[in-house]
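Open the model in your viewer and keep the sequence panel beside it, since each stop on this tour asks you to select something and then look at what surrounds it.

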Amino acid sequence: MKSKVLGIVLLALAMIISACGGGSNSAGGDNGDSSGGSSQSLVFGTGGTSGTYYPIGGALKPIFEQSDSIGNITVESTGASVANIQNIKDGLNQMAIVMSDVAYDAVEGKGQFEGKKVDVQALAGMYQNVVQIVATEDSGIESVEDLKGKKVGVGKVGSGVEQSAQKVLEAVDLTYDDMSKVTHTGYADSVQEMKNGNLDAAFFTSGVPNSNITDLMQQNDITFVEIKGETAEALKEKYPFYKDYIIPAGNEAKYNLDNEVTTVGIQNMIVVSKDLDEETVKDLTKRYYDYLGTDEVAVGALKQLDRDEIAKGLIAPLHPGAKAFYEEQGILE
């Protein structure tokens, strides 16, 4: 008799659990599904822990996790832009920070993505990595053309700095063969070589200010070589990911220059997987936009942004969710 009663009780419990959706496929479970009604776990690809991308990811993590459709954001340190795009293609990242030149190559199937287009979609623009050419004052270098016959640091082999250096030199019909010396030195080594008189000039592609340039300015008289006029136009025509950038005069946070410097920069951007649903991306875009309008922004690179410009001039196509939000705000071009 007891056995029979126990069986009835167990059967009733099973029916109740089934009716409540207690199985593993319960809607709203944190299963990483990209459907709009689920609480999702997303991986946010950034860069090295000593760079700018990683702390930006950390700052945005709690902002994005406020979304009802997001259960958790994992901020992952990666090899930056190229690795991030490959990870999105492979489904390992759902969000990432990348440079526009790499995104351009991925979307167009060029460069490192030759014949292998990747369908990455933009959520928003970010700060620019600015091409800064610095020369010692006694070198006599005042323009990009003046680099001919000089000793120039162009960044580490294969780096984004070197790629920018090659493109800028190309815009004035110069190659490495036109220099008296070319060194593949990183920022710190380039500065040391300039201090020692072994380099006349060096390329830096980074946010403004670059602490290595600031260090050089403490003890050495330098000149910022401008990229403007026909040189800038030729560069932007061939490589549409370049944008105009002005380093202002009299800004203590940006070298405190006597005169403004006109140059170009490459915009960084947040990209997302095309498989993320529209409502989720729309909500994430809104939270990013709202965050930029507060006093809570802690990372210096994000403080430079005009939030009404983050949807403009993007190399990758906007994700439909991001596009819908920007259309509602009336800030699309």
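Begin by selecting Glu252 and showing its side chain: is this residue buried or exposed? Glu252 is exposed, because its relative accessible area is 71% and a residue counts as exposed when that value is over 50%. If you colour the neighbouring elements, you will find Glu252 in the loop between β9 (242–247) and β10 (261–273). Now add Pro209 to the selection and draw a line between the two C-alpha atoms, which are separated by 9.8 Å although Glu252 and Pro209 lie 43 residues apart along the chain.

Next, zoom out to the whole chain, remembering that this is a predicted model. The protein chain contains 11 helices and 10 strands, and of its 333 residues 47% count as buried. Among contacts between residues at least 6 apart in sequence, 70% join residues that are at least 24 apart.

Colour the chain by pLDDT before going further. The average for the protein chain is 88, and 89% of the residues score at least 70. Select residues 1–36, however, and you will see a stretch where pLDDT stays under 50, and for which the model has 25 contacts beyond four places in sequence.

Now turn to the interior. In soluble globular proteins, nonpolar side chains tend to be buried together. Here the largest nonpolar core has 82 residues, and those with the most contacts inside it are Met95, Phe203, Tyr288 and Leu302. Select strand β4 (residues 120–136) as well, for this strand gives the most to the core, with 9 residues. Which residues does Leu302 touch once its neighbours within four places in sequence are left aside? Leu302 is then in contact with Ile56, Leu60, Met126, Tyr288, Tyr291, Leu292 and Val297. A second, separate core consists of 17 residues, including Leu199, Ala202, Leu216 and Tyr245.

For the last stop, select helix α3 (residues 81–89) together with helix α4 (residues 100–108), which pack at an angle of about 40° with their axes 9 Å apart. Because of that angle, α3 is oblique to α4, and α3 passes α4 in a right-handed crossing. To see where the two helices meet, show the side chains of Ser81, Val82 and Ile85 on α3 and those of Val102, Ala103 and Ala106 on α4, since these residues make the contact.

Conventions: Residues numbered from 1 in each chain as written. Predicted model: local features only at pLDDT ≥ 70, side-chain atom pairs only at ≥ 80, totals over all residues. Heavy atoms only, no water. Core = buried A, V, L, I, M, F, W, Y, C linked by side-chain atoms within 4.5 Å. Buried < 20%, exposed > 50% of the residue type's maximum accessible area, 1.4 Å probe, protein only. Helix = DSSP H or I, 4+ residues; strand = E, 2+ residues; numbered from the N terminus. Contact = heavy atoms within 4.5 Å. pLDDT = per-residue confidence, 0-100. Axes fitted to C-alpha atoms, helices over the stretch in contact; angles between N-to-C directions. Parallel < 35°, antiparallel > 145°, perpendicular 65-115°, else oblique. Left-handed = near helix turned anticlockwise from the far one by under 90°.
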